[in-house]
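Hi everyone, thanks for making the time. I'd like to walk you through one fold today, strands to start with and helices after that. Let me get it up on the screen.

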Amino acid sequence: MDVAVTGAVAGATQVAIQVAEEPGSQPPGPVGRLLGVAMALPLLVRRRWPLGSLYAVAGVLFAYYAANFPGFPPTVVLVVPCYLAAEAGRTWSIVPVPVFYFTAATLVGLRDGRPALDIVNNLLPHAALIAVALLLGWLVRSRRLLAAQSQERLRMVTEEHEREAARQVAQERLRVARELHDTVSHALATVTVQSGAALQVLDERPDQAREALRAIRSTGSAALDEMRATLGVLREGDEGSAVSDRAAGLDRLPALLAAVRAAGLPVAVRTEGTPVPLPSTVDHSGYRILQEALTNVLRHAGPDASATVHIGYRSDAVTLEVVDDGSSAAPVATGGHGLAGMRERAATLGGQLQAGPGPDGGYRVHAVLPFGCGAA
């Protein structure tokens, strides 16, 4: 492409030199012809030095005029490098070249006694051609910049979509991990306590052992149902269609309390305020927080502990609290993820969760779940 452009300009220059006529000038001869070729050669490096090639062409053209060879319009050799320099973005650095030659042509015409109107009339087409070349170069450059910006925006949007998809996948994995942790942790803790109680009374009180075994079977069956519902989310790819989102709410608290009580933990429930329908995410997270808190009581509070569940309904939030009077061993000491999972559930809804030893001993978990953020 560069060779073709250079050849075209060199051919046009040779034609212009051939037909040029100027009184008092000397024949171009081989030197003039070589200068005509030299005017086009800088275009070979136009991609690397667009402005430099323009000034090199202008310099050789000046040498041709200075040698008193027959003059021809400078636009023959300047229009192409002016366009290329404008396309490269060398806006104001281009202007001195055509201004210099048009000024010089005007002064030469005035020196030769030509009317000013004739000089302007002769220069206007060439000035217009240079202007068109510059405008065309700027237009092509702006279109290329616009296309590059569009491609960059498209790339950024694509990367943002990929990051968002990865974030959603990570959130879904975390959500499923929390669900499985809460379900399995509660089931195993309940089964462990109930099986231990069954072993202790198996010989002396078989009826009580039988009740413990029934509770184990019920707890295991419920845990399997919840696991199937949770894993169904991964197969369906639609969290809102999962059974766990519709079923695992505070309306299941009586069944949870029955399982915990069957495991040997006395639990009292206190409710403040008027119960209202909760958003599904708040309802589900609230149930999971109570489930995990009561499971931790079963695990860590000791054999003679008891617990109290407080549920408070406010106009903008629901408060949940589980307090036990056990040994106050912190669940975090086991290295598990229960407390972290509860805090994540509260934070997702824009709420907060506090956990630590109670003021009168034991352990206290207190959560505030607002209705606005993340509620559906």
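A quick bit of vocabulary before anything else: I call two strands paired if DSSP finds at least two bridges between them. And please keep in mind that this is a predicted model.

With that in hand, have a look at β4 and β5. They make a hairpin, with five residues sitting between the two strands. Find Gly361 in the turn, where phi is positive, about 95 degrees. The pair is antiparallel, and six bridges hold β4 and β5 together. If you want one to click on, Pro357 has Tyr363 in β5 as its bridge partner.

Now zoom out to the whole sheet. In which order do the five strands line up? Reading across, you get β1-β2-β3-β5-β4, in an open sheet with mixed pairing. And what happens at the edges? That's where β1, residues 267–272, and β4, residues 352–357, are found; each has a single partner strand, so each has one side with no neighbour in the sheet. On average, neighbouring strands here are turned by 10 degrees against each other, ignoring direction.

Over at the β1 edge, the partner is β2, residues 307–313; those two run parallel and are joined by six bridges. Val269 is a handy landmark there, standing opposite Val309 in β2. Packed on the sheet at this spot is helix α10, residues 253–262, which touches both β1 and β2. The α10 direction makes about 155 degrees with that of β1.

Back at the hairpin, there's a helix as well. Helix α12, residues 338–348, lies across β4 and β5, the latter being residues 363–370, and α12 runs at about 150 degrees to β4.

What ties α10 and α12 into the rest of the picture? Here I'd bring in α11. The α10 and α11 axes come within 11 Å and cross at roughly 5 degrees, which makes the two helices roughly parallel. On the α10 side you have Leu253, Leu256, Leu257 and Val260, meeting Tyr287, Leu290, Gln291, Leu294 and Leu298 of α11. By class that contact has eight nonpolar residues, one polar and no charged.

Then α11, residues 280–300, also meets α12. Their axes come within 10 Å, crossing at roughly 160 degrees, so α11 and α12 are roughly antiparallel. The crossing is left-handed. Which residues of α12 take part? Gly338, Met342 and Arg345 do, and what they meet in α11 is His284, Ser285, Arg288, Ile289, Glu292, Ala293 and Asn296. Sort the residues of that contact by class and you get three nonpolar, four polar and three charged.

One more helix pair, from another part of the chain. Helix α2, residues 29–40, packs with helix α3, residues 50–66, at an angle of about 165 degrees, with the axes 8 Å apart. That puts α2 roughly antiparallel to α3, again with a left-handed crossing. From α2 the contact takes Gly32, Leu35, Ala38 and Met39; from α3 it takes Val57, Val60, Leu61, Ala63 and Tyr64. The class tally for α2 with α3 is eight nonpolar, one polar and no charged.

Last thing, confidence. The chain has a mean pLDDT of 80, with 90% of its residues at 70 or more. Where does the pLDDT fall below 50? Look at residues 238–246; beyond near neighbours in sequence, that stretch has 19 contacts in the model.

That's my tour, and I'm happy to rotate the view if anyone wants another look.

Key:
Residues numbered from 1 in each chain as written. Predicted model: local features only at pLDDT ≥ 70, side-chain atom pairs only at ≥ 80, totals over all residues. Heavy atoms only, no water. Helix = DSSP H or I, 4+ residues; strand = E, 2+ residues; numbered from the N terminus. Axes fitted to C-alpha atoms, helices over the stretch in contact; angles between N-to-C directions. Contact = heavy atoms within 4.5 Å. Parallel < 35°, antiparallel > 145°, perpendicular 65-115°, else oblique. Left-handed = near helix turned anticlockwise from the far one by under 90°. Nonpolar A, V, L, I, M, F, W, Y, C, P; charged D, E, K, R; others polar. pLDDT = per-residue confidence, 0-100.
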